[in-house]
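Student: I have a structure open and would like to learn how to read it. Can we go feature by feature?
Tutor: Yes. Ask, and each time we start with the idea and then turn to the case.

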Amino acid sequence: MKAKLCSRNAHKARELERLLPGWEIEPLAADDYPPETGGTYYENARGKALFGHARTGGGEWVIGEDSGIEVAALDGGPGVESARYAPEGAPAIARLLRDLDGVAGREARYVSELVCLSPAGEETRGTGALAGRIALEPRGTGGFGYDPVFVPDGEERTVAELGDEWKDRNSHRARAARALLAALAAALLLVVSACGGGTDPTSKRVLHAFFTQSPRGRTMGERFPHAAGSRGCQLHDGGKVVQATCSTEVSLVKPSRAVVTLTEAWNHGSAAHTWFFFITRSGVIESVVQEGSAPPAS
Ligand code: IMP
């Protein structure tokens with residue numbers, strides 16, 4: 001799965017690639033991004049995604065992101081204006097510490113909004129926030145922006161000290177990315193169910209092509225049913241055999257395209273992993289979206 005991130009901020013592209021497993025995120029190079037004039041993160045994120053959608057001619061998945069830091073003592077500011085409060089890094093931190101000089105209540109939160117547009121322009125969004133407080137002085141070298149002065153709730157160290165691994169699990173952008181993946185999965189499942197679950201002869205032909213023509217389809221076909229439905233299967237978690245259910249669905253979304261949905265569920269259905277394969281009806285995989293718990297090695 002490839003997507004263009006519509007942002008000038010290279011840090012965000014690197015973070016998002018780690019946050020969206022299986023996605024290849026490339027920044028959209030453009031020097032004429034429209035000004036961020038929206039009153040909300042959502043409006044700005046959508047504006048960036050629409051700009052990318054127009055710039056790529058609707059040929060690619062695009063993601064717009066807008067984020068900011070909201071400080072209670074500054075009435076929620078700089079908020080959507082975070083990027084324009086002062087140049088990112090040391091100048092922005094210096095201004096924030098100056099504005100909070102002598103202020104006791106230093107509660108703050110980071111917010112991130114992600115808007116994803118499919119090549120056809122269908123919109124999916126995800127929002128995430130991280131609560132914390134502003135430190136008295138900068139500490140640490142990880143992250144970017146306000147990270148050296150942001151101490152998340154439940155922590156004593158700043159995000160810059162906690163580091164990228166911590167940030168990938170807990171940040172506002174990590175939460176927004178998880179919400180986006182869940183929303184994408186829900187939207188795709190809706191398409192699959194609206195298309196009748198793949199029991200007609202065309203669906204059977206498409207599934208046959210998927211499981212015989214593509215190397216990945218052949219490998220997955222060793223444990224997934226080759227027709228729409230479910231069956232018991234075994235996953236291997238280290239040395240341990242895990243009993244699971246493997247299900248196959250297909251939806252015929254366009255005259256030449258289909259989505260094959262494969263789901264493994266284990267631990268009595270409390271854990272599940274789903275692959276959405278966007279394929280041509282002749283079985284060629286064009287892209288893949290994954291969602292859910294990390295699958296046991298199989
Ligand atoms: P924009 O979303 O590119 O308009 O800018 C958001 C601004 O918020 C950035 O320039 C940073 O100053 C700040 N910001 C957003 N996310 C983070 C983060 O993860 N760490 C630190 N600062 C951030």
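Student: Let me start with a strand. How many of the 11 residues of strand β5 (residues 107-117) are buried?
Tutor: Burial is a neighbour count: a residue is buried if 20 or more other C-beta atoms lie within 10 Å of its own. In β5, 10 of the 11 residues pass, so the strand is mostly covered. Keep in mind that this is a predicted model.

Student: Which strands pair with β5, and in which sense?
Tutor: Look for bridges. β3 and β5 pair in the antiparallel sense over 10 bridges. On top of that, 11 bridges join β5 to strand β6 (residues 123-134), again antiparallel. To check the register, take one residue from each pairing. Val-71 stands opposite Ala-108 in β5. Tyr-110 stands opposite Leu-130 in β6.

Student: What links β5 and β6?
Tutor: A hairpin, with five residues between the two strands. Gly-121 sits in that turn and has a positive phi of about 95°.

Student: Where does a positive phi turn up in a residue other than glycine?
Tutor: The background first. Most residues other than glycine have a negative phi, and most peptide bonds are trans. Now the case: Asp-75 has a phi near 55°. Asp-75 belongs to the loop between β3 and β4.

Student: Is Asp-75 buried or exposed?
Tutor: Exposed, because there are 8 other C-beta atoms within 10 Å, and the cut-off for exposed is 12 or fewer.

Student: And which peptide bond is cis?
Tutor: The one from Gly-77 to Pro-78, with omega near -5°. Pro-78 is found in strand β4 (residues 77-78).

Student: What surrounds the ligand?
Tutor: Read the shell in two ways, by position and by chemistry. The shell has 19 residues, and the closest are Ser-67, Ser-82, Ala-83, Gly-145 and Tyr-146. The elements giving two or more residues are β3 (61-71) and α3 (82-85). β3 supplies the largest share, four residues. By chemistry, the shell divides into six nonpolar, eight polar and five charged residues.

Student: Back to burial, but in a helix. Which residues of α1 (residues 10-19) are buried?
Tutor: Lys-12, Glu-15, Leu-16 and Leu-19. Now look down the axis of α1: these buried residues fall within an arc of 100°, so they line one face of the helix.

Student: Why is strand β1 (residues 2-6) described as largely enclosed?
Tutor: Because four of its five residues are buried. Its pairing is worth a look as well. Four bridges join β1 to strand β2 (residues 24-27), and the two run parallel. One register point is Lys-4, whose bridge partner in β2 is Glu-26.

Student: How should I read a sheet, and in what order do the strands of the open one come?
Tutor: Walk from neighbour to neighbour. The order is β8-β9-β10-β11-β12, five strands with antiparallel pairing. The edges are β8 (229-237) and β12 (285-292), since each pairs on one side only. Neighbouring strands are turned by 25° against each other on average, direction ignored.

Student: How many bridges hold the pairing of β9 (residues 240-254) and β10 (residues 257-266)?
Tutor: Nine, in the antiparallel sense. For the register, Ser-247 stands opposite Thr-263 in β10.

Student: Which helix lies across β9, β10 and β11 (271-280)?
Tutor: Helix α7 (residues 201-213), running at about 125° to β9.

Student: How far apart in space are Gly-154 and Pro-119?
Tutor: Sequence separation and spatial distance are read side by side. These two are 35 residues apart in sequence and 41 Å apart in space, C-alpha to C-alpha. Gly-154 lies in the loop between β7 (150-152) and α5 (159-170). Gly-154 is exposed, with 8 other C-beta atoms within 10 Å. Now take Leu-97 and Val-71: 26 residues apart in sequence, 11 Å apart in space. Leu-97 is found in helix α4 (residues 90-99) and counts as partly exposed, with 15 C-beta neighbours inside 10 Å.

Student: What is the picture for the whole chain?
Tutor: Eight helices and 12 strands. Of the 298 residues, 39% count as buried. The C-alpha atoms fill a box of roughly 70 × 45 × 25 Å, taken along the principal axes.

Technical notes:
Residues numbered from 1 in each chain as written. Predicted model: local features only at pLDDT ≥ 70, side-chain atom pairs only at ≥ 80, totals over all residues. Near = placed C-beta within 6 Å. Nonpolar A, V, L, I, M, F, W, Y, C, P; charged D, E, K, R; others polar. Arc of directions from axis to C-beta. Pairing = 2+ DSSP bridges. Axes fitted to C-alpha atoms, helices over the stretch in contact; angles between N-to-C directions. Contact = placed C-beta atoms within 7 Å.
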